[in-house]
Each structure stands twice: as structure tokens, then as C-alpha cells.
Amino acid sequence: MNDLTLDIEDGELFALLGVNGAGKSTTIKMLSTLTKPDSGDAFIDSKSVVTESDYAKSVISVSPQESAVAENLTVKENLELMAYAHNMTKSTVDEKTAELLEKFSLEKYKDKRAKTLSGGYRRRLSIAMALINSPKVICLDEPTLGLDVLSRADLWEIIRELKGKVTVILTTHYMEEAEKLSDRIGVMKDGKLIACDTAENLKLKTGKDNFEDAFIALVKEGVK
Amino acid sequence: MRFLYFSKRVFKEIVLDPLSIIFGLGFPIVLLFLLSAIQSNIPVSMFEIDSLTPGIAVFSLSFITLFSALLVSKDRGSLFLQRLFTTEMKPVDFIFGYTLPLIPLAILQMFVCFAFAVVLGLKISLGILFSILLLIPCAMFYISLGLLFGSILSDKAVGGICGALLTNLSAWLSGTWFDMSLVGGWFEKLANVLPFVHAVELGRCALRCDFASALPHLLWVLSYMLVITVIAIAVFKRKMKQ
């Protein structure tokens, strides 16, 4: 990462775009306390993710690339595992688990082992697991990668519903996804944020009609 | 609660893997059966059931290291563990989570081994219970070894180191298959420095309720258990920080 500075508003859906190796996943790892930056800091509610990492862990959740679930636990047990990992009490765990099973239409699969779920439902479970502790910030690292069109549309609906309730940081390779879902988009290249604005403004700035062309122009020519 | 739920997941990952059942429970039974069959045709004092059973029980525990190391190693490379690292779970939760569920599995493994030995003619006695109880530190040694290897090796390397090297060391240097004094020299000295032969002797002494003879072997095994456990915890914590 190199001199990355940005502000993300409460409840905003912010997309991070970039080619492979641009630094999107590293940014998420730093925000979620998995990687310590050599220098610099990030703040949530004015609290540092570096020096007050316990607070950061209690308010940031991550749904990693691929579906990071416990394969041999059931859907319900996966949610419970995450809830207990966040120090939640038994009654809250039961309440929150039931709520998320219903919200993500996972109720009929609750006793199925995670490894038996389809790709789309695994992603649903992965996002539900990230929401179990009612985080203020959720990082979705390429949540729809490899999904079919219908599963992707379902997941987009779920992500849209999060807008305004949770701050969402979304990394994706799909331009359409970023354009349709995000309030603002940050474009990264070689660890630097080279552009940050709404999809419409980025198209205007680059003089392109569609967002994919705008992204290519930004990455190739560095138009700001 | 954090480590208990994580333990549940570790327990399920191991018991739902058919290889754990085949190697953990099936393999010792097959070995006991075959060696007892040899003993019935060509009597060898070493393969008498009360001498053989503690040896097979200790040898079987080396598979616990393999299961434990494989799980920790695979988890290390997985996004699932990274996800758990972003929660409020502490290193101690992971360490207990990985080790505690393996203790009942190791006890079950020893119990099955002794139970099958009873079928093959081992006399039912309190010695069986003492043998299993006194071999628990040995089980802890193997479990800690699994945590240690899983923390530093890739899952492929774990297969080689734990699946091949450790199981062979546990077999050849344990005094189960042949008398160490028959080889003598550096081989016998090396075997006596390592814990395997002491673990087998501990199990044999406990089985005949000879606690005075068991004590030096117990101290040897306990020392190895403590040293390896401390090293495993330190290495795991260091790796987790990285």
C-alpha cells in the first residue's frame, strides 16, 4: 500500500476496484486488523484499528474471498460459532441466529452441512456470518466471484438491503456490480488510490459512456 | 464459550473424516489382530497380548499428531481461520480449541485398543484403566506435537513428517516390535533418549500395576509433554501474530 487516504461515510456502500495485485484485499486486511500497516492508521468512531484493535474487531466484520465457512458444521452451527467467537451471550446468539436464518432464506438449510450448499447459498451464509455481531462496518471481498447470474442477482439484493444500515466496503472485479450497488467507487492501482467518486462522475471525468471504459481509462491512463 | 464452540468444530472436522476412523481406530485393531495371530503360530514373548497392547496403544497415538497437524496446517492456509482472527478470539481460545477435543479422541482410541485386546485374550483388570490413565500425558505429548507441526509445516509437509517420519519413529524406537537391546549401540541409546520407548514401558508397567517401575518412565514422558507443549504454544502464538 502506498499513501492511501480516504473517508467512508456511515452507512455508505463503498466499492474498491482494481486489477489483480492493486491492493484491495490488503486494504481490507489492514482495516480488519489481519495485517498491521508499516505506517499510517485507519479510524472507526475515532478509534484506531492499529492501537485499539479489540474495538475494531468488535465492530468490523469480514466476508472473505471464497466462502470461508466451516465445511463440516451445519449452517446454524456456523452462525453460532461466529456469534460465540464474538463473545455473544446464549440468548443473543439464539435470537440473532434465528433472525439471520430468516433474513437470508437459510432456514430450510439450517441443519445441512455447509459443504453441501450451492455456491450462492454458501456466499449467503458467509455474509450472514459476517453480520452476526451487528457490525458497523462489513467488508465484502469479491462476494459474487464465480456465481451464476441468478445467484449474483440474489446476492446483489441482499447487499442492497444492507445500504444505509451498515457501512459496506466491497471489493469486486465486476464493473457492473460496483456501478449498480455502490454509492462511491475507489479505483486502486499499485497500492494507490488513483480515483474516488461516484460511478457517474468517474464516467464524466474520463469522458466515457460506460463504466468499464472509464475504469480502463483510469487504470491505463491515470485520468483523475 | 469461545473455545468450546471452536472445539466442537475441530472435533467434527476430525471425526467426520473417514481417514481418522480408518487410521485412528481401524489400523490399531488390525495390527493387534495380525500380531496376535503371529504370536499364536510362532510364540514371541514381545507379542504376548499384555506386552503388545500398550505398544500398539502408544503407536496409535502418533496418528493423533497427524490428524491434529493436518487440521491446524490446512486451517492456517484457509480463509476460515483468517475470518476467525478478525473476531475477539484470543490465542488461548485457538490453542484450547485445537487441543481439548483431541484428548477424548485419544482416550477413546486407547480404550478401543484395550477393548479389542480383551477380545484377543487380555485379562480384564484395573491395570487397563491405569494404563489408559497414565498414557494420557503421552497423548498430550502427541497432541502438542500436532499443534507444533501444524503451526510450522504446510499440509503436504505434515503428511511426510507426521504421516511417515513420526509414525515410523514411534514404531521403530518404541520397543514394541523388537527388543532394543538386540540392536544395542547408538540405536538403543537414541531410543532411550526419546519418549516412545518410555511411553510403551509406562503402559506396560501400569497394566501390571507396577507403579514403582512406571514412575521413571512417567517422569520421562511428562518432561517431553511439558517441553513440547510449551514450545507448541509459543510457536502457535507467534505464527498467529504473523
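In this predicted model, B:Lys90 has a relative accessibility of 33% and therefore counts as partly exposed, since the buried class ends at 20% and the exposed class starts over 50%. Its salt-bridge partner is A:Asp54, with 3.3 Å between N and O. This contact runs from one chain to the other: A:Asp54 belongs to helix α2 (residues 53-59) of chain A, while B:Lys90 sits in the loop between α4 (79-85) and α5 (91-99) of chain B. A:Asp54 is likewise partly exposed, at 46% relative accessibility.

A further salt bridge pairs B:Lys12 with A:Glu77 at an N to O distance of 3.0 Å. Here too the chains are crossed, with B:Lys12 in helix α1 (residues 2-15) of chain B and A:Glu77 in helix α3 (residues 75-85) of chain A. The two ends fall into separate accessibility classes: B:Lys12 is partly exposed at 21%, whereas A:Glu77 is buried at 10%.

Within chain B, it is worth pausing at B:Arg204 and B:Glu201, whose salt bridge brings the closest N and O atoms to 3.0 Å. Both residues lie in helix α12 (residues 196-207), and because they are 3 residues apart there, about one helical turn separates them. B:Arg204 counts as buried, with a relative accessibility of 9%, and B:Glu201 as partly exposed, with 23%. Shared partners also link salt bridges elsewhere, joining A:Glu77, B:Lys8 and B:Lys12 into one network.

For the wider picture, the search of the whole structure returned 21 salt bridges over all chains, among them the pairs A:Asp54 with B:Lys90 and B:Lys12 with A:Glu77.

Note on methods. Residues are numbered from 1 along each chain as its sequence is written. Chains are lettered from A and ligands numbered from 1 in the order in which they are written. This is a predicted model: local features need pLDDT of at least 70, side-chain atom pairs count only at pLDDT 80 or more; totals for chains, interfaces and linings use all residues. Side-chain values use heavy atoms; hydrogens and water are left out. A salt bridge is a side-chain nitrogen of Lys or Arg within 4 Å of a carboxyl oxygen of Asp or Glu. Helices (H or I, at least four residues) and strands (E, at least two) are DSSP runs, numbered from the N terminus. Buried means under 20% relative accessible area, exposed over 50%, partly exposed in between (1.4 Å probe, protein chains only).
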